[in-house]
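Please look through the structure shown below before reading on. The briefing that follows takes a few topics in turn and stays with what can be pointed to in the model.

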Amino acid sequence: MALVEVKVPDIGDFDEVSVIEILVKPGDTVKAEQSLITVESDKASMEIPSSAAGVVKELKVALGDKVKQGSLLLLLEVADAAAADLAGSAATAPASAQEFKQNEALAPVPSTQAAINSEAPSRGAVEVRVPDIGDFKDVTVIEVMVTVGDAVRLEQSLVTVESDKASMEIPSSAAGVIKELKVKLGDKVNIGDLLAILEGVAVADAAPTAVRPELVEGLAQASTLRQAQDRPSSARTEPSAAASGTSMAAVVQALPAHNPSAPTAGLPHASPSVRKFARELGVPLEEVKGSGLKGRITDHDVQTFTRSVMSGAVQTLAAQAQPKTAAAASANDGAGLGLIAWPKVDFTKFGPVERKEMSRIKKISGANLLRNAIMIPAVTNHDDCDITELEAFRVSTNKENEKSGVKVTMLAFLIKACVAALKKYPEFNSSLDAESDGSALIYKQYYHIGFAADTPNGLMVPVIKDADKKGIMQISVEMGELAQKARDGKLSPSEMSGASFTISSLGGIGGRYFTPIINAPEVSILGVCRSTMEPVWDGKTFQPRLMLPLSLTWDHRVIDGAAAARFNVYLGQILGDFRRALL
């Protein structure tokens, strides 16, 4: 065995970047190209992969450290042959480093008229339109970076747009002076929409500059990484406040009152999820002070600012020095819901313990589940359906197609049955219109069915698109491929988005009924447990029948109890006699 130094590869034009996450520990076995740490600059985040496979002997970095190209990350214990191969080969920058450079390339560039003049001769007025930004539709303009009269350079960022999963900056396809802006904050834009008209421009190309697809995916991944980082950051701030004896009420009083006329300190440092949360509450991020790493604004900061505005608190030295009272202590509630504080227990007093960090997927999904469980008035209906004949048909089908290698599961039949039920009861395939404050419904004319997949990293929900247009065999093949991608951690954002209805199946694990949590913005979800053979009375005698438990959770704002009962009954009828799905 030999020790090999793993260093930071070429990550582009970055002097020093911060370590925001460490993904391994001493003793861990890592593969070549496995991610070791996550680093972040002012404009992008990325994971640094290992240049070799082996066992982590010693870590040389800690959270918050600054690293750059060539910095030593860790010592890796590798086989002698592998060490010799490493010594004889030159290190190359990973593909993720290229994505890191591309993210940086979209950052705002200082503009001067001299720089424009050096680009190319002027050619009159030119329209700047939204380039190809990937599989995104009706993205929201959350920031306009230029004004009429500004001089801009080629590839300088003009606006920032945001979808449900990522935010990105749209660069200019030409250089010149802004003559007219065609968008404003809050507008929805798509590919080809007119952003601005430039005057005295140097056109880079006759066609609009396309944002590369790998960059769009990289932005979505960066968004996910930042969301995962934001929540631990807020969690770290809360214990420190408790240790210093400062209650939440004192913190609220110490914050400045809302002052729209106050000068802003520049672009707020916050993830897309936090920006969306702030917009929903009407919070100006420019006035919020971030408590996360490098001043990043977290959900907790937005909530604290909201409480300070509502209480009309004004920052004074006296407020900062206020003693802790019972009333102030009560303000440190659960998530601002008026609950008592979460218990803080030293578990080591009772016995040995072990602390393990939750996976990033669990951190992200946990926050979404908490929001959905609190905000949706959910009700669950339980029922049983007879699948005796359907199961016999499934078994015979698998025997007949044994050579094809395609195995049909009961979940594939469930997906087709749910499509038929959704067509009969369309309110289950709808969503509340967020733009109308819940006063209107969006009825979807497509049937994209999500199914919960259990993976080593946590729960993921791949989506079968256009399930109404696919047969049982095609659905079975696609389910197998998506489930394998989920286990391997290779699902793309597009493969997990767009579901109009979700099925959460415990399969053969066990259990009878459960209450699944609705995956917003959907309005219902079906939970399925293991089927069991039971005696069922047929009017003359008891017959052994295979019964499948169904648990339908629905949003009471959209669906009433009678409709939910009818949906469950109709679904059971289809599973009992699948010919009904053809009607």
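Which residue in strand 8 is the bridge partner of Val4? The bridge partner of Val4 in strand 8 is Leu76, and this pair is a useful way into the model, which is a predicted one. The protein chain has 583 residues, of which 41% count as buried, and its secondary structure comes to 14 helices and 27 strands. Among the contacts that join residues at least 6 apart in sequence, 66% link residues at least 24 apart.

**An open sheet of 4 strands**

- The 4 strands of this open sheet follow the order 1-8-6-3, and their pairing is antiparallel.
- Strand 1 (2-7) and strand 3 (29-30) stand at the edges with a single partner strand each, so one side of each is left without a neighbour in the sheet.
- Strand 1 is joined to strand 8 (residues 72-78) by 6 bridges, and the two run antiparallel.
- Strand 8 is also joined to strand 6, here by 4 bridges and again in the antiparallel sense, and in this pairing Leu76 is the bridge partner of Val56.
- Leu76 of strand 8 is therefore a residue to look for from both directions, because it is the bridge partner of Val4 and of Val56, while the edge strands 1 and 3 have a single partner strand each.
- Strand 6 (residues 54-59) pairs with strand 3 over 2 bridges, also antiparallel, and there Val55 in strand 6 stands opposite Thr29.

**The second largest pocket**

- The second largest pocket holds about 730 Å³ of space, and among the 29 residues that line this pocket, those closest to its centre are Thr409, Leu411, Ser505, Leu506 and Gly507.
- Several elements supply at least two residues each to the lining of this pocket, namely helix 11 (388-400), helix 12 (410-424), strand 21 (453-455), helix 13 (472-488) and strand 24 (501-505).
- Helix 13 gives the largest share of the lining, with 5 residues.
- Sorted by class, the lining of the second largest pocket has 15 nonpolar, 8 polar and 6 charged residues.

**His448, a residue in a loop**

- His448 is found in the loop that lies between strand 19 (441-443) and strand 20 (449-451).
- Is His448 buried or exposed? With a relative accessibility of 12%, His448 counts as buried, because the cut-off for a buried residue is under 20%.
- The side chain of His448 reaches the backbone nitrogen of Asp466 at a distance of 2.9 Å.
- If residues up to four places away in sequence are not counted, His448 touches Val463, Ile464, Lys465 and Asp466, and also Gly498, Ala499, Ser500 and Phe501.

**Leu441, a residue in a strand**

- Leu441 lies in strand 19, one of the two strands that have the loop of His448 between them.
- Leu441 has a relative accessible area of 30% and is partly exposed, because this value falls between the limits of 20% for buried and 50% for exposed.
- Leu441 and Ser430 are 11 residues apart in sequence, and their C-alpha atoms are 6.5 Å apart in space.
- Leaving aside neighbours within four places in sequence, Leu441 is in contact with Ser430, Ser431, Leu432 and Asp433, and also with Val558.

Note on methods:
Residues are numbered from 1 along each chain as its sequence is written. This is a predicted model: local features need pLDDT of at least 70, side-chain atom pairs count only at pLDDT 80 or more; totals for chains, interfaces and linings use all residues. Side-chain values use heavy atoms; hydrogens and water are left out. Buried means under 20% relative accessible area, exposed over 50%, partly exposed in between (1.4 Å probe, protein chains only). A polar contact is a pair of N or O atoms within 3.5 Å; within protein, one must be able to donate a hydrogen and the other to accept it, and residues adjacent in sequence count only if both atoms are side-chain atoms. Contact means heavy atoms within 4.5 Å. On a 1 Å grid over the protein atoms alone, a cavity is a set of points where a 1.4 Å probe fits but cannot get out, and a pocket is an open set with protein on both sides within 12 Å along at least five of seven lines; lining residues have an atom within 4 Å of a point. Grid points are joined across faces, edges and corners, and a volume is the space filled by probe spheres set on the points. Ala, Val, Leu, Ile, Met, Phe, Trp, Tyr, Cys and Pro count as nonpolar, Asp, Glu, Lys and Arg as charged, and the others, Gly among them, as polar. Two strands pair if DSSP finds at least two bridges between them.
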